[in-house]
Amino acid sequence: MVAFDPVQPHLLEQHLLQQAVPLPVVVTGAMHDWPARSWSVQHLQQFGFRIVPVEISHNGGDYRDLHAPASDRHFEADVGVPLALLLESMQAAKERQSPFAKEKQSPVLLYAAQVDLISLIPELESGIRTPPLSAISDRLYKRNTWLGPPGTSKEYPDFPGFSEVPYLEHHLQPGEMLFIPKKYWHFIQALDISWSVSYWWT
């Protein structure tokens, strides 16, 4: 873990980009001026009429089902829905996690992944900042966002023994950044309603 120093931003670049063995690094303090840190489901509801592309999981299906026969497919990608429907689905998924909920599981989960929602809702652009890595700013080629309910994750690959491989684990807190080196495999699980922005460099 490394704390960002706005007076000496080059120190962060040195730490991240000059590692002898590239490893993931949690960065704190680099999002203190992001208005997006105060966003909530209620804030996003004002844009509920906007159409956004989502992924839809039926009975636990995921992206691997895209290659399955239509009759066995439990996953849909790039489905356009109003943002309000996505937010409503997210809130319902969270409520089902309550110990008092009568229905614990839903056969359907909606989430937005691998898409730049901020470009689709330009009013949100002022709420975020590009990470302070000027040394590689010209190599930034993609920005994605994630918006979804708790209980969603990217699953382990179906490789024998993969679950036994040693790994690093961190519970990422609101306002923390995670630097992941190129080609470093990672697994992500949402524990609550969450919104994240990812930047990709070559």
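**A five-stranded sheet and a buried arginine**

In this predicted model, the protein's secondary structure amounts to four helices and eight strands.

Student: In which order do the elements of the protein run from the N terminus on?

Tutor: The secondary structure consists of four helices and eight strands. Read from the N terminus, these elements follow the pattern β-α-β-α-β-β-α-β-α-β-β-β.

Student: Which strands are the edge strands of the open sheet?

Tutor: Five strands make up an open sheet with antiparallel pairing, in the order β4-β3-β5-β6-β8. An edge strand pairs on one side only, and this applies to β4 (75-82) and β8 (194-201).

Student: By how many degrees are neighbouring strands of this sheet turned against each other on average, direction ignored?

Tutor: The sheet in question is the open one with the order β4-β3-β5-β6-β8. With direction ignored, the average turn between its neighbouring strands is 30 degrees.

Student: Which strands does helix α3 touch where it packs on the sheet, and what angle does its direction make with that of β5?

Tutor: Helix α3 comprises residues 83-95 and packs on the sheet. The strands it touches are β3, β4, β5 and β6. Relative to the direction of β5, the direction of α3 makes an angle of about 125 degrees.

Student: What is the bridge partner of Thr-145 in β8?

Tutor: Strand β6 (residues 140-148) pairs with β5 (residues 108-115) in the antiparallel sense over two bridges. Thr-145 of β6 is the bridge partner of Val-115, and Leu-147 of β6 is that of Ala-112. Strand β6 is also joined to β8, antiparallel, by eight bridges. In β8, Thr-145 has as its bridge partner Val-197.

Student: Is Arg-50 buried or exposed, and what is its relative accessible area?

Tutor: Arg-50 is located in the loop between α2 (41-44) and β3 (51-58). A residue counts as buried when its relative accessible area is under 20%. Arg-50 is therefore buried, since its relative accessible area is 17%.

Student: With which side chain does the side chain of Arg-50 make a polar contact?

Tutor: Neighbours within four places in sequence aside, Arg-50 is in contact with Val-81, Pro-82, Leu-83, Leu-120, Ile-121, Pro-122 and Glu-123. The polar contact of its side chain, at 2.5 Å, is with the side chain of Glu-123.

Student: Among contacts between residues at least 6 apart in sequence, what percentage joins residues at least 24 apart?

Tutor: The protein has 202 residues, of which 34% count as buried. For contacts between residues at least 6 apart in sequence, the share that joins residues at least 24 apart is 80%.

How values were computed:
Residues numbered from 1 in each chain as written. Predicted model: local features only at pLDDT ≥ 70, side-chain atom pairs only at ≥ 80, totals over all residues. Heavy atoms only, no water. Buried < 20%, exposed > 50% of the residue type's maximum accessible area, 1.4 Å probe, protein only. Polar contact = N/O pair within 3.5 Å; in protein donor to acceptor, adjacent residues only side chain to side chain. Contact = heavy atoms within 4.5 Å. Pairing = 2+ DSSP bridges. Axes fitted to C-alpha atoms, helices over the stretch in contact; angles between N-to-C directions.
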